[in-house]
Amino acid sequence: MHFDTLALRATHQPDSVTGAVVSPIHLSTTFARDEHHNLPGPYIYTRANNPNREALEQALATLEGGAVGMAFASGQAATMALFQALRPGDHVLLGTDAYYGTPALLEQVFHPWGLTYTRVDMRDLDAVQASLHENTRIVWCETPGNPMLTITDLLTVSRLAHEAGAITVCDNTWATPVLQRPLDLNCDVVLHSTTKYISGHSDMLGGALVFKRDNDFTQRVRAIQSLSGGVPSPFDCWLASRGLKTLGVRMRAQMATAQAVAEFLNGHPAIEQVHYPGLKTHPDYALIQQQMNEPGAMLSVQVKGDAADAIRFISKLHIFTRATSLGGVESLIEHRASVEGPNTKTPQNLLRLSIGLEHAEDLISDLARALG
């Protein structure tokens, strides 16, 4: 089936009792036993499982082509569960162009606990291979990368990881299964911040993992999910499932506008560089054509000047909202280095844009007026 049909089928579960077309929200934290102390179904306590969470997990596994899905209270909670499943002394290989919270979690929480990690440019395959150690357990990819939109060759990196005895994890938040399915490219685990495109309305917080295989490592992470309690509420699971229904339609509309915005900004005299996978000038354009169905709705631009010039520019915008996060129906823009803090490696003149569902001409007019 096409993605739109599959997304609707995966989330369309009429209530077996009432026949309600929209699945009910099961807010109960606990589930009653009968007079013989038997449970009527598979649920005992919502931290362990809940009908809404189970439905979301199964839908995500279906859409990513995986065997097991797990939902978490945030993308960071999902990331943390993976690292907690490792042992002190294990090694993680991480790309340099990645969400800043991932290396921050490794450095501030897991490095003192005993994990080691190395950051490498994932586009440099020789450097990737040279950075793999005997104790490397996870090779962490993020493609397109945040915030520079670099592209990782998932097939090759996965092969190198497997040859070294490691698994490959791909943060697929920016792409979603609409644009690429990393498990089809030999990755072992896909991560999502469901806060972003999957929910799509900037009104819930969540994360998810999808595993290609149900094995011992998968079950270890499942145990951590249940025991640690970093799980989403039933209502947030319901919101994420609702967002999945329109994911394909929303992303296609957002991508069309993002392409128009990127082409307008590319070559503008006030812009130093545009980072967008849909531009033929992107250095990884050939790989993008092989690996991704579409270029996505995220782009970054570097204005001519410094941080003050970049912030001055966005202060003049009226339609774009100056805010962190991405993937919602409203267009957002932010000065990324300010958000990441003093240790950031992000260029000071870089702005990250999440393109929403406003009309392309209105967004371009807003940018043109601010660029002046």
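**Exercise 1. How many salt bridges does a search of the whole structure find?**

Solution. The structure is a predicted model, in which local features need pLDDT of at least 70 and side-chain atom pairs count only at pLDDT 80 or more, while totals for chains, interfaces and linings use all residues. Residues are numbered from 1 along each chain as its sequence is written, and side-chain values use heavy atoms, with hydrogens and water left out.

Step 1. Apply the criterion, a side-chain nitrogen of Lys or Arg within 4 Å of a carboxyl oxygen of Asp or Glu; the search over the whole structure then returns 14 salt bridges.

Step 2. Take one of them, the pair formed by the side chains of arginine 222 and glutamate 57, with an N to O distance of 3.4 Å. Because arginine 222 belongs to helix H8 (residues 216-228) and glutamate 57 to helix H2 (residues 51-64), this pair ties together parts that are 165 residues apart in sequence. Helices (H or I, at least four residues) and strands (E, at least two) are DSSP runs, numbered from the N terminus.

Step 3. Classify the partners by relative accessible area, where buried means under 20%, exposed over 50% and partly exposed in between (1.4 Å probe, protein chains only). Arginine 222, at 25%, is partly exposed, whereas glutamate 57, at 5%, is buried.

**Exercise 2. Locate the salt bridge between aspartate 188 and arginine 213, and then name the residues of a salt-bridge network.**

Solution. Step 1. The side chains of aspartate 188 and arginine 213 meet at 3.4 Å, N to O. The pair links distant parts of the chain, 25 residues apart, with aspartate 188 in the loop between helix H7 (176-179) and strand S6 (189-192) and arginine 213 in the loop between strand S7 (207-211) and H8.

Step 2. Aspartate 188 is buried at 11% relative accessibility, while arginine 213 is partly exposed at 46%.

Step 3. Elsewhere, Glu334, Arg336, Glu340 and Arg352 are joined into one network by salt bridges that share partners.

**Exercise 3. Describe the surroundings of arginine 181, starting from its place in the chain.**

Solution. Step 1. Arginine 181 sits in the loop between H7 and S6 and is partly exposed, with a relative accessible area of 28%.

Step 2. Its side chain forms a salt bridge with that of aspartate 184 at 2.9 Å, N to O, and aspartate 184 is itself partly exposed, at 47%.

Step 3. Counting contacts as heavy atoms within 4.5 Å and setting aside residues up to four places away in sequence, arginine 181 touches Thr62, Leu63, Glu64 and Gly65. With one of these, leucine 63, the contact is specific in its atoms, since the arginine 181 side chain reaches the backbone oxygen of leucine 63 at 3.1 Å.

**Exercise 4. Which residue does the UniProt annotation "modified residue: N6-(pyridoxal phosphate)lysine" cover, and what lies around this residue?**

Solution. Step 1. According to the unreviewed UniProt entry, the annotation covers Lys196; such positions are given in the numbering used here, feature names are shortened, and annotations may be inferred rather than shown by experiment.

Step 2. Lysine 196 is found in the loop between S6 and S7, where it is buried at a relative accessible area of 17%.

Step 3. Apart from neighbours within four places in sequence, lysine 196 is in contact with Thr173, Ser325, Leu326 and Gly327. Its side chain also joins that of serine 193 through a polar contact of 2.9 Å, a term for a pair of N or O atoms within 3.5 Å of which, within protein, one must be able to donate a hydrogen and the other to accept it, residues adjacent in sequence counting only if both atoms are side-chain atoms.

Step 4. Continue to serine 354, in strand S12 (residues 350-354), which is buried at 1% relative accessibility. The contacts of serine 354 beyond four places in sequence include Ser325, Leu326 and Gly327, and its side chain reaches the backbone nitrogen of glycine 327 at 2.9 Å.

**Exercise 5. Where does helix H4 bend, and against which elements do its buried residues pack?**

Solution. Step 1. H4 (residues 101-113) bends by about 35° at glutamate 107, the bend being the angle between axes fitted to the seven residues ending there and the seven starting there.

Step 2. The buried residues of H4 are Gly101, Thr102, Pro103, Leu105, Leu106 and Phe110, and they pack against helix H3 (75-84) and strands S2 (91-95), S3 (116-120) and S4 (136-142).

Step 3. After H4 comes glycine 114, with a positive phi near 130°.

Terms used
Expected span 1.5 Å × (residues − 1).
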